[in-house]
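User: Could you take me through the reasoning behind some of the labels used for this model? I would like to see each value set against its cut-off.

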Amino acid sequence: MSRALIIVDVQNDFCEGGSLAVDGGSQVAADIGEHLGRHGQDYSVVVATADWHVDPGDHWSSDPDYRTSWPVHCRAGSEGAQFHPSLAPALQHVQAVFRKGEHEAAYSGFEGTTEAHGRTTGLTEWLTEREVRGVDVVGLATDHCVRATALDAAGAGFRTRVLTGLCAGVSPETTEQALAELREAGVEVVEGAPA
Ligand code: VGL
């Protein structure tokens with residue numbers, strides 16, 4: 001079965017020092033590169049998603065609740081929206097980047113699009129064109145964009161795994177809730193990372 005790796009939102013603003021930092025984010029960036037060094041041949045394609053906000057309305061707030069509203073993050077074109085430097089080895093494997101959220105909140109990578117040869121393509125279509133049947137989802141944050149991306153992947157019919165050792169969450173409680181919800185939806189939650 002051909003399988004894709006989907007690397008979710010490993011951007012500076014979600015790593016230590018960023019405006020919406022997730023503990024362990026930069027370590028996840030480095031670990032994804034190591035995972036691809038060992039298991040790159042397991043994937044027929046590798047893609048990355050990026051939060052890319054121009055004016056996302058009340059998704060940004062000066063008084064955020066950290067559930068549905070957030071500090072300003074991942075402003076399109078800013079340093080905070082760039083992939084974390086430790087992701088560089090993994091990026092060599094990435095064939096397409098799917099940007100999401102220009103004018104609204106967009107937690108799932110399946111809301112993103114990529115541009116190539118004058119054509120705009122969504123993630124489901126892009127994967128389907130390449131006969132992908134299964135996906136591994138990794139990245140940031142387990143309880144928000146990883147959760148939403150994996151739920152959409154399973155909903156679209158991809159055999160979906162989340163590799164928790166290559167993810168980090170905003171809070172332990174919402175991360176546990178998200179993993180329970182993912183299992184319920186038929187996602188295989190792989191504890192730790194493949195050796
Ligand atoms: C994310 C909160 C707000 C994420 C994005 O990438 O998980 N979380 N926007």
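Analyst: What follows takes the ring contacts and then the ligand, and the model is a predicted one.

User: Why is the pair formed by Y66 and W70 called edge-to-face?

Analyst: The ring centres of Y66 and W70 are 6.0 Å apart, with 80° between the planes; because rings pair when their centres lie within 6.5 Å, and planes over 60 degrees apart count as edge-to-face, both conditions are met. The structure holds three aromatic pairs, and the pair of Y66 and W70 is one of them.

User: What makes W70 buried and Y66 partly exposed?

Analyst: W70 has a relative accessible area of 2%, and since buried means under 20%, the label follows for W70. Y66 has 42% relative accessibility, which falls between that limit and the 50% above which a residue is exposed, so Y66 counts as partly exposed.

User: Which arginine lies over the face of W52, and which over the ring of W126?

Analyst: R99 lies over W52, at 3.6 Å from the ring centre, while the charged end of R130 is 3.8 Å from the centre of the W126 ring; the distance limit is 6 Å, and both values are within it.

User: How do you know that D51, H73 and A141 make polar contacts with the ligand?

Analyst: The limit for such a contact is 3.5 Å between N or O atoms. The side chain of D51 is 3.4 Å from a ligand nitrogen, that of H73 is 3.3 Å from a ligand nitrogen, and a polar backbone atom of A141 is 2.9 Å from a ligand oxygen, so each falls within the limit. The protein covers 98% of the 260 Å² of accessible area that the ligand has on its own, and the ligand sits in the largest cavity.

Conventions:
Residues numbered from 1 in each chain as written. Predicted model: local features only at pLDDT ≥ 70, side-chain atom pairs only at ≥ 80, totals over all residues. Heavy atoms only, no water. Phe/Tyr/Trp six-rings, centres within 6.5 Å; stacked < 30°, edge-to-face > 60°. Buried < 20%, exposed > 50% of the residue type's maximum accessible area, 1.4 Å probe, protein only. Lys NZ or Arg CZ within 6 Å of the ring centre and 35° of its normal. Polar contact = N/O pair within 3.5 Å; in protein donor to acceptor, adjacent residues only side chain to side chain. Areas by Shrake-Rupley, 256 points an atom, 1.4 Å probe, with all protein chains shown as cover. 1 Å grid on protein atoms, 1.4 Å probe; cavity = no way out; pocket = protein on both sides within 12 Å on 5 of 7 lines; lining within 4 Å. Sits in = over half its atoms within 2 Å of the grid points.
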